[in-house]
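Please open the structure in your viewer and keep the selection panel at hand. The stops below are meant to be visited in order.

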Protein chains: 4
Amino acid sequence: MSTGSNFGKLFSISTWGESHGEGVGVVIDGCPSGIDLNEEIIQIDLDKRKPGKSIFSTPRKEKDKVKIMSGVFNGKTTGTPISLIVHNVNHISKDYSKIANYYRPGHADLTYDLKYGFRDYRGGGRSSGRETIGRVAAGAVAKKILKELNIKLTTFTKSIGNISINPDNFDKHEIWNNNLCLPDKTCVQKTEDYILELINQGDSCGGIIECQVDCIPPGIGEPVFDRLDAELSKAIMSIGSVKGVEIGNGFMTTSLTGSENNDFYRCSGNKIIKESNNAGGILGGISDGSKVVIRAAIKPTPSIKKTQKTVTKDNDNIDINIIGRHDPIIVPRAVIVVESMVAITLVDMLFRNITSQMNNIKKIYL
Amino acid sequence: MSTGSNFGKLFSISTWGESHGEGVGVVIDGCPSGIDLNEEIIQIDLDKRKPGKSIFSTPRKEKDKVKIMSGVFNGKTTGTPISLIVHNVNHISKDYSKIANYYRPGHADLTYDLKYGFRDYRGGGRSSGRETIGRVAAGAVAKKILKELNIKLTTFTKSIGNISINPDNFDKHEIWNNNLCLPDKTCVQKTEDYILELINQGDSCGGIIECQVDCIPPGIGEPVFDRLDAELSKAIMSIGSVKGVEIGNGFMTTSLTGSENNDFYRCSGNKIIKESNNAGGILGGISDGSKVVIRAAIKPTPSIKKTQKTVTKDNDNIDINIIGRHDPIIVPRAVIVVESMVAITLVDMLFRNITSQMNNIKKIYL
Amino acid sequence: MSTGSNFGKLFSISTWGESHGEGVGVVIDGCPSGIDLNEEIIQIDLDKRKPGKSIFSTPRKEKDKVKIMSGVFNGKTTGTPISLIVHNVNHISKDYSKIANYYRPGHADLTYDLKYGFRDYRGGGRSSGRETIGRVAAGAVAKKILKELNIKLTTFTKSIGNISINPDNFDKHEIWNNNLCLPDKTCVQKTEDYILELINQGDSCGGIIECQVDCIPPGIGEPVFDRLDAELSKAIMSIGSVKGVEIGNGFMTTSLTGSENNDFYRCSGNKIIKESNNAGGILGGISDGSKVVIRAAIKPTPSIKKTQKTVTKDNDNIDINIIGRHDPIIVPRAVIVVESMVAITLVDMLFRNITSQMNNIKKIYL
Amino acid sequence: MSTGSNFGKLFSISTWGESHGEGVGVVIDGCPSGIDLNEEIIQIDLDKRKPGKSIFSTPRKEKDKVKIMSGVFNGKTTGTPISLIVHNVNHISKDYSKIANYYRPGHADLTYDLKYGFRDYRGGGRSSGRETIGRVAAGAVAKKILKELNIKLTTFTKSIGNISINPDNFDKHEIWNNNLCLPDKTCVQKTEDYILELINQGDSCGGIIECQVDCIPPGIGEPVFDRLDAELSKAIMSIGSVKGVEIGNGFMTTSLTGSENNDFYRCSGNKIIKESNNAGGILGGISDGSKVVIRAAIKPTPSIKKTQKTVTKDNDNIDINIIGRHDPIIVPRAVIVVESMVAITLVDMLFRNITSQMNNIKKIYL
């Protein structure tokens with residue numbers, strides 16, 4: 001399948017839907033039978049990306065209630081496709097003539113027109129952030145599978161603008177205790193002040209999200225192209241607004257020497273451990289059993305009140321000020337999206353690894 | 001196909017081969033008929049990754065001569081699979097008992113054992129850098145296609161260790177005039193000195209490679225998962241030693257504001273141009289017609305003479321000093337590998353875009 | 001994607017839904033932008049598979065009204081995924097305890113339990129004929145694309161039991177003039193009598209469906225595995241109740257000699273024509289420009305009133321008589337399903353062929 | 001991957017090569033590690049398709065010696081791609097000007113030209129029967145895996161022309177005891193006489209091949225599109241010269257009633273058995289644990305000495321008599337090809353089924 005709205009090979013998701021159409025949804029195919037699933041589990045994650053929770057996200061009120069349409073029977077997955085739908089309810093039938101007519105800087109308005117000849121301009125259409133609802137819903141199912149395998153994800157805001165968390169203050173219980181998903185409570189106030197100042201200026205900012213995966217089995221990742229880090233990079237980079245991805249030491253590794261960057265092995269009892277984890281848990285594209293660490297660079301929200309220069313479809317130069325319900329920063333709402341994409345990728349790669357050894361296949365069939 | 005050694009959906013490559021086996025190769029499927037192709041064209045790129053050209057790469061002498069086994073008739077591609085083979089000739093039948101028995105830090109020795117139960121340890125087996133020969137050979141074919149479409153790639157070393165090129169001195173004609181693929185001749189000496197010092201210390205270093213794509217048509221990239229930037233990220237991250245990928249402003253974008261980062265549109269005649277290119281030529285995962293810019297972070301070569309701590313398969317802690325023919329820096333030899341993966345990805349995405357509009361299909365069949 | 005509920009690579013459909021769940025649906029990805037589409041067009045084909053139209057199909061009344069959820073804007077496809085839903089309305093909340101407990105001969109009850117550990121037994125769950133609603137809805141979209149390319153499909157009942165149509169009486173306008181999709185009005189009465197007799201005996205029958213494709217361009221089909229005939233065979237065999245597929249002369253070809261079976265070429269002006277079409281329009285897996293002919297063998301409906309021997313989940317031997325709303329013959333309702341699968345396959349293969357020649361790619365981009 | 005020369009999703013093969021080029025080969029990706037493999041095992045099957053063994057096949061002498069280029073170390077598969085090559089040695093550098101200039105009836109000469117603009121006409125190029133060498137080599141590896149899972153294949157000639165084997169005389173040990181792969185020794189002489197008569201007339205014939213699979217686990221096959229029967233049909237129909245495929249009762253089922261065709265279940269101890277196997281071991285696209293039965297209709301060899309009418313590239317009507325080394329019947333040499341494709345499909349589908357239940361996944365990772 002080469003069509004673009006599908007991700008994953010054995011645990012596979014297909015998303016559909018436009019921002020102001022009938023709804024958005026996802027079909028999950030390849031979810032094994034026998035997993036407890038209900039709408040409440042999925043709703044928990046959807047609520048994490050819900051807007052309107054604080055001054056730092058758009059004041060739009062979207063209920064975003066998910067409905068399971070298929071693939072679950074008597075509270076358990078049946079092994080058949082799971083169709084999940086969120087109906088759009090808050091799309092005010094407003095006048096779109098303006099937005100239809102010009103190209104917002106930093107958005108996909110122009111490129112959709114160039115690719116398809118025209119676009120559904122209502123609320124950004126398919127390029128809207130609402131597209132991630134399907135990802136998060138599917139991610140909740142993926143996380144349910146990871147939980148059954150004791151694999152844990154921790155995802156958080158690592159920096160906003162130039163303000164970074166202090167690793168010494170890291171406390172994962174803080175992540176959902178503040179509006180910015182910061183795991184360091186000492187930098188919350190400073191960061192909020194920074195964003196508020198930008199809001200006053202009609203401007204926006206970006207940041208870095210980190211996802212850590214604990215207890216992932218070793219051996220996950222398919223050399224040479226479908227490496228674990230390669231698949232995770234695609235997954236993360238496919239999220240709107242992401243402009244960079246790194247694993248472990250990432251870009252910093254380029255200014256280290258080999259002796260600084262290599263993780264040395266030691267025996268601990270009859271277990272092999274690494275003295276450091278600069279590699280971020282992946283060597284040769286395959287998980288080594290230590291913590292997988294991946295980071296995403298999120299650009300500043302492109303929709304800003306500040307005056308911007310752009311052009312109309314009729315080729316006129318104009319100035320615009322985007323007034324409306326927009327997030328001054330996407331980062332906090334994107335945390336659960338990043339986590340969802342990592343979870344979906346991990347499940348797919350866990351499944352794909354099974355046939356790497358004949359012994360595994362015999363375990364199933366003999 | 002979910003097996004890992006295959007890349008691309010319409011222009012698709014399958015690589016095979018181990019470092020010290022019979023040879024390495026690639027099968028290209030989906031190459032259109034009617035393209036002039038011969039071994040010389042491919043050999044030019046293979047020679048760019050050939051080792052032994054300077055003190056900065058391994059003194060191994062590998063001829064790496066490519067042979068076209070199928071898919072070309074009377075000097076033209078036939079539309080059927082193109083099989084390319086490079087026979088291994090310089091694999092000295094030496095004693096591998098040592099390397100077979102311990103895990104080199106920073107290499108995939110341990111993870112291959114964990115995944116497959118054992119490994120072909122001769123010269124790194126499948127995880128060796130020789131695996132990239134297939135990529136470069138296929139990349140040469142992809143670049144031939146891009147050339148017919150007037151699309152140009154420029155790939156170079158942007159930084160080594162903490163030394164970066166000065167953009168003001170950028171001269172693309174310098175790239176292949178020095179041993180390090182630096183497009184800024186003013187920093188060549190300084191960089192060589194830095195690496196020589198590390199060689200003396202038995203250490204190694206990494207760096208950043210940048211690839212720029214000029215004249216790519218707008219509209220390339222398949223939302224929402226198979227975005228152009230997502231596919232490029234996977235392609236780049238699938239190269240051994242790459243630990244980070246970024247598009248346009250990349251990670252730097254996280255410390256900019258929306259008004260600083262957005263690229264404003266202006267009309268120039270009846271053409272829309274952007275006043276800046278912070279986005280790196282991609283918006284919403286689709287090319288906008290401006291220069292595509294992608295960067296890869298390459299880690300320092302893991303094989304170093306300096307003493308390292310590791311473990312044996314029998315669970316003993318040992319110290320090792322890796323003596324042998326190794327690159328003190330991978331970056332210059334990786335430049336053509338990065339360029340190849342970008343070229344292969346672009347061809348695939350150009351092909352995939354064609355069916356985005358019914359008008360295109362009518363152009364072919366009516 | 002290796003998950004089973006997805007078909008097609010460039011024009012790709014993913015179906016979901018169980019017989020008595022919330023609904024059934026399909027997501028079409030890879031439909032080009034710019035095609036006129038509305039619910040009425042799709043409904044026409046859905047109504048052709050609707051039950052309850054005559055004594056020869058189940059008296060269940062299903063409205064099966066389709067709703068377009070995404071991918072269409074202002075009456076035109078946008079190039080983004082088209083999500084189509086048919087809500088289930090006629091699933092009476094009856095007592096399923098009986099059917100849950102035993103395995104109906106000729107059905108998938110046992111194999112679903114063996115594969116997944118349990119099954120949604122309500123109305124056959126995912127293995128119900130209602131699963132084909134998604135195929136027919138997607139097929140209607142595919143047929144819209146074929147129409148724009150002037151490709152025509154004619155699909156009909158060729159035989160029921162031992163009664164075959166007489167090719168000399170073939171009249172395609174008769175196909176939808178009788179309840180059995182017979183293009184030969186002289187055999188309608190005889191066939192109806194045969195089925196009525198079987199109904200009286202509590203038994204059922206099968207038959208052969210033929211699909212003819214006119215005006216398909218030459219060159220369609222990807223050697224060597226994804227031949228046009230191979231892809232069509234998979235498409236047809238994936239329909240429940242199909243037990244055989246043949247192209248052109250099919251099985252009859254095995255009793256002909258080479259000189260009888262080869263289609264000779266002649267020049268007609270500057271066009272090459274074939275004197276016969278025993279090959280069914282496909283040579284070497286590639287369309288030759290003449291009529292493509294494919295046939296499907298449909299088994300008798302497995303649900304019958306007549307006493308059958310089977311077993312319960314608790315391993316008891318029992319006798320059953322399946323009383324309910326069942327089709328005495330599936331063939332007429334399957335005609336549109338076969339046509340839909342052929343149409344979907346053709347669109348996919350037409351799209352996939354485009355990149356076979358460099359000239360085609362230049363037509364798009366230069 | 002949508003390129004046509006690739007088959008299978010988890011156990012995946014990519015073939016390459018033309019009849020009179022450098023060689024033909026296959027890359028197998030997704031073969032698990034830890035399987036004993038050497039060239040002798042593969043050669044056994046290749047020798048079964050080797051020509052020149054009797055008067056009933058072409059007198060060409062091809063050694064067709066296979067070489068393992070990668071993916072095997074110390075006699076065991078490593079889990080990395082297995083590249084297999086057979087160099088072409090017997091392609092006499094003859095004058096091809098004649099064959100280059102006209103289109104042989106029943107061959108792919110015309111369709112390759114129509115698809116690709118031109119063709120490698122030497123010996124049929126890519127459309128030659130030599131293409132199946134890669135399939136048979138890969139099939140030998142697949143059969144090695146099936147053997148480790150105790151799954152057995154029996155493949156034979158069921159009919160030639162109008163002469164069928166008598167099921168009462170079936171003896172599988174006879175299959176390789178005669179030149180025609182007939183499992184009924186009582187019909188060998190009659191069939192040989194029939195073919196000899198056709199040889200004398202400069203004509204050819206076809207036949208039916210049957211493959212039976214014993215001991216396949218239940219639950220194999222992915223509803224709804226990637227059913228076991230659908231995947232097998234594609235696999236078989238992708239072999240050159242196959243014009244029809246059927247499962248179990250196949251086309252005969254269309255003249256049976258439901259009560260005749262349904263297989264009734266009975267308990268035998270605590271095992272469920274079927275009283276008959278009209279379904280050919282597959283229900284709802286999923287294996288039921290009984291014997292899988294699939295049949296292929298092979299057309300008569302198109303290359304015949306008898307005068308045929310055809311056209312030249314310059315649009316002249318001509319008469320031709322194809323003199324050369326051709327099989328008067330393809331069936332016996334195709335038996336191992338059919339078996340190979342069934343084996344490859346089964347391995348792929350066995351692998352794909354593993355993730356159907358969460359319990360299986362836990363068995364591997366917990």
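The tour of this predicted model goes from an interface to a sheet, then to a hairpin and lastly to the cysteines.

**Stop 1: the interface of chains C and D**

Select chain C and chain D together. The contact draws on 111 residues of chain C and 112 residues of chain D. Between them the two chains bury about 8,800 Å², with 58% of that area on carbon and sulfur atoms. Next, highlight Lys115(D), Phe225(D) and Lys243(D): these residues supply 10% of the area that chain D buries against chain C, more than any other three residues.

Keep Lys115(D) selected and add Glu222(C). Their side chains form a salt bridge, at 2.8 Å from N to O. How many salt bridges are found across the interface of chain D and chain C? The count is 8. Polar contacts between chain D and chain C link 59 residue pairs, both residues being at pLDDT 80 or more.

**Stop 2: an open sheet in chain C**

Hide chain D and display chain C as a cartoon. Here 5 strands make up an open sheet with antiparallel pairing, in the order 1-2-3-7-4. Strand 1 (6-7) and strand 4 (66-68) of chain C lie at the edges; each has a single partner strand, so one side of each has no neighbour in the sheet. In general, strands of a sheet are paired through backbone hydrogen bonds.

Now select residues 12-17 of chain C, which are strand 2. Strand 2 of chain C pairs with strand 1 of chain C in the antiparallel sense over 2 bridges. Within this pair, Asn6(C) is opposite Ser14(C) of strand 2.

**Stop 3: a hairpin in chain A**

Move to chain A and select residues 265-268 (strand 12) and 271-274 (strand 13). These strands of chain A are antiparallel partners, joined over 4 bridges. Arg266(A) faces Ile273(A) of strand 13 across the pair. The hairpin has 2 residues between the strands, and Gly269(A) adopts a positive phi near 65°.

**Stop 4: the cysteines**

Finally, show the cysteine sulfur atoms. Over all chains, the structure holds 0 disulfides. Why is Cys181(A) without a bond to another cysteine? The closest cysteine sulfur, in Cys187(A), is 12 Å from that of Cys181(A), which is too far for a bond; a disulfide requires the sulfur atoms to be within 2.5 Å. Cys181(A) is also buried, at 2% relative accessibility.

Then select Cys211(C), which is in no disulfide; its nearest cysteine sulfur is that of Cys181(C), 12 Å away. Is Cys211(C) buried or exposed? With a relative accessible area of 0%, Cys211(C) is buried.

Terms used
Residues are numbered from 1 along each chain as its sequence is written. Chains are lettered from A and ligands numbered from 1 in the order in which they are written. This is a predicted model: local features need pLDDT of at least 70, side-chain atom pairs count only at pLDDT 80 or more; totals for chains, interfaces and linings use all residues. Side-chain values use heavy atoms; hydrogens and water are left out. Buried means under 20% relative accessible area, exposed over 50%, partly exposed in between (1.4 Å probe, protein chains only). Two strands pair if DSSP finds at least two bridges between them. Contact means heavy atoms within 4.5 Å. Buried area is the accessible area (1.4 Å probe) that two parts lose on being put together, summed over both. A salt bridge is a side-chain nitrogen of Lys or Arg within 4 Å of a carboxyl oxygen of Asp or Glu. A polar contact is a pair of N or O atoms within 3.5 Å; within protein, one must be able to donate a hydrogen and the other to accept it, and residues adjacent in sequence count only if both atoms are side-chain atoms.
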